[in-house]
Amino acid sequence: MSAAEWSRSLRLLRSELLLIAGRRRNQMGLLVLAAVPVLMAVAVKLSSSGGGQGGPDLLGSITSNGLFVPLAALGVEIGLFLPLAIAMLAGDAIAGEANTGTLRYLLTVPVGRTRLLVTKYVSLCIGALWGVAVIVVPGAIVGIAIFGTGPMLTLSGTQLPFWSAVWRVVLISLYLAAGLAALAAVGLFISTLTEQPLAATVALMIFTILSWILDTVPQLDWLHPWLLVDRWMAFIDLLRDPPFLDTIWQGLLVDIGYAVVFSLLAWARFAGKDVTN
Amino acid sequence: MTFFGEHPWTRWVAPVAALGLIGGSAVVTNQQADADPGLPSRTAAQLLADVRSADVAALSGTVVQTVDLGLPQLPGLTGGAGPGGPRAGASDGDSGMSSLATLLTGSHTWRVWLDGPTRQRLALIDGSNETDLIHHGNDLWVWSSADKSAVHRRIPTLMHPLGPGQDTRGPADLSPTVPRTPKEAASRALALIGDDTTVTTSGTASVAGRAAYELVLTPKDSATRVASVRIAIDGRRHIPVRVQVYSTKLANPAFQVGFTSIDFGRPDASIFAFTPPPGTKVTDKGTLTLPVHPSRKGATNPAPAAPGRLQGPTVVGSGWSAVLVGRLPLTAADRGTAGDPRSWLDGIRFSLPRVMGSWGRGRLLEGTLFSVVFTDGGRVAVGAVAPAQLYAALAAT
């Protein structure tokens with residue numbers, strides 16, 4: 001690619017990101033994502049019964065280290081809220097533009113359909129990272145403000161100093177963002193199939209929820225390694241000492257597989273798609 | 001782009017090819033077990049000698065165990081029974097070990113670190129929890145993340161319960177009955193099991209991405225439910241890396257334990273260091289005494305013996321289809337606490353289907369590898385056979 005093409009692509013990406021960031025519903029969505037860790041931290045502080053007994057481990061550990069606040073929030077939101085955020089963005093990406101008629105004008109920009117699709121996908125990946133960051137950063141700040149920064153207790157019974165604990169939180173955020181980016185590829189493909197953004201959003205949510213349900217059916221255990229969501233909760237394996245990376249690599253491999261197949265499907269569909277309105 | 005412009009459908013080849021590539025590579029990875037990694041052929045005796053002389057002091061890896069014993073969903077399967085896993089030898093009824101009892105069903109992942117006879121660590125990965133067994137010098141720690149508890153024991157010197165099959169070729173072992181060389185031990189072991197078992201080497205396998213030999217033990221007895229036992233032995237380091245027990249009733253192994261990843265480098269010393277973190281419930285159980293396992297059976301019979309003490313058991317038949325008939329202690333004095341194997345046994349016994357015959361009445365536990373009959377008279381018959389043989393054995397004694 002020449003320099004001019006690069007700058008054209010970057011300009012397209014920039015305008016796409018500004019578009020995403022400017023939408024009121026996206027801003028409200030980010031607010032909801034960020035509110036969960038804050039609510040959790042405040043609720044635990046107010047109940048102040050002390051962690052340890054019952055409940056999920058991450059929630060119970062909040063009181064010992066503020067960095068558990070973002071982790072507990074991620075564990076809760078990765079089930080539904082984060083996929084929903086991706087589904088909203090993916091629905092807007094192609095189907096939304098086709099619906100409002102702006103896709104036709106976008107195609108007159110001299111960048112080509114493939115590069116437009118790549119730009120859309122890159123912006124969705126940035127959106128995934130953004131969604132995770134909007135949980136982790138406020139969660140960490142509120143958590144540290146309320147509960148301080150004691151050494152982080154790993155599942156293996158060892159304690160991590162503050163900065164390696166921060167590093168673990170960063171790794172977990174990146175791991176979950178990778179899973180969401182793979183989900184975004186599925187969403188992008190669905191988005192090229194329809195001109196109704198709501199239909200694309202709902203379809204991706206059905207895909208996500210169905211994956212979670214199938215993942216809990218023991219009779220289908222041969223299918224589980226092939227489900228996108230199967231290894232998402234394995235982020236907890238990064239809280240062992242030393243980190244248990246087997247499951248993390250498996251999860252990333254599945255992510256890459258989904259991302260490649262569904263990006264290519266989206267490309268095959270979008271490059272030959274008739275844009276009518 | 002012009003080619004795609006003229007033939008738009010050809011674009012769909014790309015995702016289909018990607019899907020095929022992913023599916024294909026997954027199939028290839030799974031079928032590597034059948035591929036010949038090009039190891040020189042060895043006889044069964046040579047392999048056993050190799051295993052005897054294997055010198056692996058340090059390793060780290062991941063072990064996955066899958067069990068499909070065909071047991072019904074039993075209440076209280078989280079009791080205190082000793083698991084059948086070959087690496088769970090240190091279980092002596094610790095409260096911290098209770099989670100290890102769930103190993104009788106499903107799939108489980110372990111992480112293993114070994115560094116010589118004095119430093120071992122075992123971590124059971126259990127969802128979002130972890131149970132660690134850390135042996136470092138004279139300390140034995142059991143850490144359970146679920147309830148943030150740690151149990152500490154002191155181990156007297158010269159006693160290492162977690163020793164990974166360490167060769168004790170000390171002066172004490174030089175009595176005439178003990179084989180002195182690995183070769184001698186191997187041929188003796190082969191002669192011992194040769195009466196009722198066919199031992200073959202079935203080519204090679206791939207375990208944890210490494211080439212391995214496979215030793216296949218096939219019972220000559222057709223009455224047993226054990227179809228074969230396959231032991232994979234690492235091609236270069238000669239340690240057993242996978243054990244599979246096939247049942248006559250299943251296509252997949254009924255019991256399998258093996259490495260999924262293995263590294264023969266020396267683990268970092270910090271892995272074996274354990275200090276109970278603040279806020280931990282620490283129980284000090286003093287010095288460990290030699291664990292006594294009256295019901296632990298010899299290695300030639302893979303049928304797990306019933307938990308609980310059998311009084312004066314009789315063996316009916318021999319070899320693979322041997323049936324153990326005994327009597328369970330049912331006196332009140334023997335009743336233990338909730339975590340006791342015997343009350344656990346009572347719990348499951350009354351949920352089993354009722355059976356009756358000329359031998360009497362009782363309850364039957366029928367699995368893929370073994371069956372158990374508990375009679376109402378307090379007798380119990382266990383064997384790696386079908387229930388009919390158990391009834392015959394009960395009638396005969």
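Is B:Asp115 buried or exposed, and what is its relative accessible area? B:Asp115 is buried, at a relative accessible area of 5%. I start there and come back to its partner in a moment. Please keep in mind that we are looking at a predicted model.

The partner is B:Arg119, and the two form a salt bridge whose closest N and O atoms are 2.8 Å apart. B:Arg119 itself is partly exposed, with 21% relative accessible area. The cut-off for buried is under 20%, so B:Arg119 falls outside that class.

Another pair in chain B can be described in the same terms. B:Arg42 and B:Asp50 make a salt bridge, with 2.8 Å between the closest N and O atoms. Here the arginine, B:Arg42, is partly exposed at 28%, while B:Asp50 counts as buried at 8% relative accessibility.

Now chain A. A:Lys120 and A:Glu16 meet through their side chains in a salt bridge, 3.0 Å from N to O. A:Lys120 sits in helix 7, residues 113–147, and A:Glu16 in helix 1, residues 3–22, so this pair ties together parts of chain A that lie 104 residues apart in sequence. A:Lys120 is buried, with a relative accessible area of 1%. A:Glu16 is counted as buried too, at 9%. Over all chains, the structure holds 19 salt bridges. As a general remark, side chains of opposite charge can pair when their charged atoms come close.

Next, the interface. How many residues of chain A are in contact with chain B? There are 30 on the chain A side, and they contact 32 residues of chain B. The area buried between the two chains is about 2400 Å², and carbon and sulfur atoms give 65% of that. Three residues supply 19% of the area that chain A buries against chain B, more than any other three: A:Arg240, A:Phe244 and A:Trp267.

A:Arg240 deserves a second look. Its side chain meets that of B:Glu130 in a salt bridge, 2.9 Å from N to O. Across the interface of chain A and chain B, the rule finds 1 salt bridge. A:Arg240 and B:Glu130 also belong to a network of salt bridges, together with A:Asp237, B:Arg121 and B:Asp132.

As for polar contacts, 9 residue pairs are counted between chain A and chain B, with both residues at pLDDT 80 or more. Helix 10 of chain A, residues 245–271, provides the largest share of the chain A side that touches chain B, namely 10 residues. Sorted by class, that side of chain A has 15 nonpolar, 9 polar and 6 charged residues.

On to the interior. Which residues have the most contacts inside the largest nonpolar core? They are A:Met152 and A:Leu180, and the core has 85 residues. Helix 8 of chain A, residues 162–193, gives the largest share of this core, with 16 residues. Apart from it lies another core, of 41 residues, which includes B:Val112, B:Leu114, B:Ile262 and B:Ala384. In soluble globular proteins, nonpolar side chains tend to be buried together.

Around A:Met152, leaving aside residues up to four places away in sequence, the residues touched are A:Asn65, A:Leu67, A:Phe68, A:Leu71, A:Thr158, A:Gln159, A:Leu160, A:Ala165, A:Val169 and A:Leu239. That list has A:Asn65, A:Thr158 and A:Gln159 in it alongside residues such as A:Leu67 and A:Phe68.

Last, chain B as a whole, and one serine in it. Chain B has 6 helices and 18 strands. Of its 397 residues, 43% are buried. Taking the contacts in chain B between residues at least 6 apart in sequence, 54% join residues at least 24 apart.

The serine is B:Ser247, in strand 10, residues 240–247. B:Ser247 is buried, with a relative accessible area of 3%. What does its side chain reach? One partner is the backbone nitrogen of B:Lys249, at 2.8 Å. Another is the backbone oxygen of B:Thr368, at 2.7 Å. B:Thr368 also appears among the residues that B:Ser247 touches, along with B:Arg225, B:Ala227, B:Ala254 and B:Leu369, again not counting residues up to four places away in sequence.

Note on methods:
Residues are numbered from 1 along each chain as its sequence is written. Chains are lettered from A and ligands numbered from 1 in the order in which they are written. This is a predicted model: local features need pLDDT of at least 70, side-chain atom pairs count only at pLDDT 80 or more; totals for chains, interfaces and linings use all residues. Side-chain values use heavy atoms; hydrogens and water are left out. A nonpolar core is a set of buried Ala, Val, Leu, Ile, Met, Phe, Trp, Tyr and Cys residues joined through side-chain atoms within 4.5 Å. Buried means under 20% relative accessible area, exposed over 50%, partly exposed in between (1.4 Å probe, protein chains only). Helices (H or I, at least four residues) and strands (E, at least two) are DSSP runs, numbered from the N terminus. Contact means heavy atoms within 4.5 Å. Buried area is the accessible area (1.4 Å probe) that two parts lose on being put together, summed over both. A salt bridge is a side-chain nitrogen of Lys or Arg within 4 Å of a carboxyl oxygen of Asp or Glu. A polar contact is a pair of N or O atoms within 3.5 Å; within protein, one must be able to donate a hydrogen and the other to accept it, and residues adjacent in sequence count only if both atoms are side-chain atoms. Ala, Val, Leu, Ile, Met, Phe, Trp, Tyr, Cys and Pro count as nonpolar, Asp, Glu, Lys and Arg as charged, and the others, Gly among them, as polar.
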